[in-house]
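Q: I've just opened this one and I'd like to look closely at a single part of it, the packing around one helix. Could you walk me through it slowly?
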Amino acid sequence: MEPEEGEDRTPLLKEPQPDTVPACCSARYNLALLACFGFFLLYALRVNLSVALVDMVEPNTSLAKNVTSNVCAEHSSTTNVPRNTTGEKYSWDADTQGWILGSFFYGYIITQIPGGYLASKIGGKLLLGFGIFGTSVFTLLTPLAANLGVGYLIAVRALEGLGEGVTFPAMHSMWSSWAPPLERSKLLSISYAGAQLGTVVSLPLSGLICYYMNWVYVFYIFGALGVLWWFFWMFLVSDTPETHRTISLAEREYILSSLKDQLSTQKSVPWRPMLESLPLWAIVVAHFSYNWTFYTLLTLLPTYMKEILRFDAQENGFLSALPYFGCWLCIILSGQIADYLREKQNFSTVCVRKCFTLIGMIGPAVFLVAAGFIGCNYALAVAFVTISTTLGGFCTSGYSINHLDIAPSYAGILLGITNSFATIPGWWGQLLPKTSLIIILWENGRWFSILLPLLIYLEQFSLHYLQVEKFRTGQSVDITCIGTEGDVEIPKLC
């Protein structure tokens, strides 16, 4: 039976893709894996200072009056003395530390939209590669900057932010040329999952490096790995399938044929239609809302573990990383599930994006609210926070990929726009007095319940408009048909 006009359906491939277009060891999946390592290092370079800063600051310099001594019982009366205390110590108060941590976002927010625009003009390979390379070099200079003075350190962190700011728009721009429509969720979830894995590894590993070695090695080790990754990226990656040196002919034709009706031939950027697009602003709302939770936890979770639940430094590092490990697993699995639903079960792209965004927003909100009611139940506290962060991984196959659905040719610019707004919570959160705020939030957990209806309202707005459209024509690009190229069946837009 033919679908009715206007019905939201996506007839996809009924048969498995032929062996001539393999996924294993293919150029597009090699790109996803190398990008995964890149974003792993990117987030390791971003969060390592928050761990090292504890060891860089003189004891009791940043502590306000301790009002949490009776909040939860101590787990142990044993005090762990660091085995290595040779690192330089600095007299930075809590406000100064907030400015140091927040300075990263001053640079990060500036290069989002320019990064997307440049990627559409010169390609994402050089932009992403030199973005991570520059961040790595400035990370290597961090110990020197700290010795020179807090102003130099703030400047170096801001420059790191400038480098990282171009990376996500550049990657989105590259995927607009590399990701077949039916594999977008898989490929992008693999590449961006590296960010969560970088948080998982760098939080406890940075703590161990500080404990057994010296805080300066946190920056030297991760910075050197970033430079090493850059050499592999520059040698193995190409901006497009046409310029890749080792891609098979079958894979090249498969990718190009599946994308030829999606990419615009218009040379100028349609800025006005973009800014007037409700789907774009729906993604802005979703991106801002998700990052509010993400950056709040990234900023306050170690403090919550230490000041409220009273875990020691070693426990804190591993337990603070546990939620991000769950999120990493969820991102990988949800990407596979999303494309399976679209390809095998004939779910429309719009339906999948809406459902995954809904799960990735409402689920974390419910468990974060619940965490405010459980007091000093350590097991439930860790479980609720872990489940909350894990469920947020569904958003990667929801709004996070929708830029490529609504306008593949301008995906990098669109991500730059939405990520500019989504960076505001990260910048704002670093300037908060962490200890005082986390105590207020914990002691007034029931107050959070008033935020849930507001979040649901914002997400209903987001989900209502989270759809697939073309800026140039205003027509839907969600209907996929089967076309034939030689003996190979290829999904095409019709």
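Within how many Å do the axes of α1 and helix α8 come, and at roughly what angle do they cross?

A: This is a predicted model, where local features need pLDDT of at least 70, side-chain atom pairs count only at pLDDT 80 or more, and totals for chains, interfaces and linings use all residues. Residues are numbered from 1 along each chain as its sequence is written, and side-chain values use heavy atoms, with hydrogens and water left out.

To your question: the axes of α1 and α8 (residues 184-212) come within 6 Å, and they cross at roughly 30° (axes being lines fitted to C-alpha atoms, for helices over the stretch in contact, with angles from 0 to 180 degrees between N-to-C directions). That makes α1 roughly parallel to α8 (under 35 degrees; over 145 is roughly antiparallel, 65 to 115 roughly perpendicular, the rest oblique). Sorted by class, the residues of this contact are 20 nonpolar, eight polar and three charged. Here Ala, Val, Leu, Ile, Met, Phe, Trp, Tyr, Cys and Pro are nonpolar, Asp, Glu, Lys and Arg charged, and the others, Gly among them, polar. Contact itself means heavy atoms within 4.5 Å.

Now for another partner of α1. The axes of α1 and α9 come within 10 Å, with a crossing of roughly 165°, so these two run roughly antiparallel to each other. On the α1 side, the residues making the contact include Leu-31, Leu-34, Phe-37, Leu-41 and Leu-45, and Met-56 is another of them. On the α9 side, they include Val-218, Phe-219, Phe-222, Trp-229, Phe-232 and Trp-233. By class, this contact has 18 nonpolar residues, four polar and no charged.

Let's zoom out for a moment. The protein chain has 20 helices and two strands (DSSP runs numbered from the N terminus: H or I of at least four residues for helices, E of at least two for strands). Of its 494 residues, 55% are buried (under 20% relative accessible area; exposed is over 50%, partly exposed in between; 1.4 Å probe, protein chains only). Among contacts with a separation of 6 or more, 85% join residues 24 or more positions apart.

Both α1 and α9 turn up again around helix α4. They are among the elements covering the buried residues of α4, and that list also includes α3 (112-122), α5 (142-148), α6 (150-165) and α7 (167-178). As for the buried residues of α4 themselves, you'll find Gly-124, Lys-125, Leu-127, Leu-128, Gly-129, Gly-131, Ile-132, Gly-134, Thr-135, Ser-136 and Thr-139. The helix takes in residues 124-140, and the 24 Å between its end C-alpha atoms agrees with the 24 Å its 17 residues should span (1.5 Å times one less than the number of residues).

Follow the cover into α6 and pick out Leu-153, which sits in that helix. Leu-153 is buried, with a relative accessible area of 0%. Setting aside neighbours within four places in sequence, Leu-153 is in contact with Trp-92, Ile-100, Thr-142, Ala-145 and Ala-146. Its C-alpha atom is 9.1 Å from that of Ser-103, which is 50 residues away along the chain.

Further along the chain there's another pairing to try. Helix α12 (residues 278-308) holds His-287, and His-287 counts as buried at 7% relative accessibility. Beyond its neighbours within four places in sequence, His-287 is in contact with Tyr-399, Leu-415, Thr-418, Asn-419 and Ala-422. Asn-419 belongs to helix α17, a mostly covered helix in which 11 of 12 residues are buried. Asn-419 is buried too, at 5% relative accessible area. Leaving out the same kind of neighbours, within four places in sequence, Asn-419 is in contact with Tyr-108, Gln-112, His-287 and Asn-291. From Asn-419 to Phe-288 it's 7.7 Å, C-alpha to C-alpha, although their positions lie 131 residues apart in sequence.

Val-285, also in α12, counts as buried at 19% relative accessibility. Val-285 and Phe-421 are 136 residues apart in sequence and 8.6 Å apart in space, C-alpha to C-alpha.

One last stop is a loop. Asn-346 lies between α13 (313-343) and α14 (349-371). Its phi is near 60°, a positive value in a residue other than glycine, and Asn-346 is partly exposed, with a relative accessible area of 27%.
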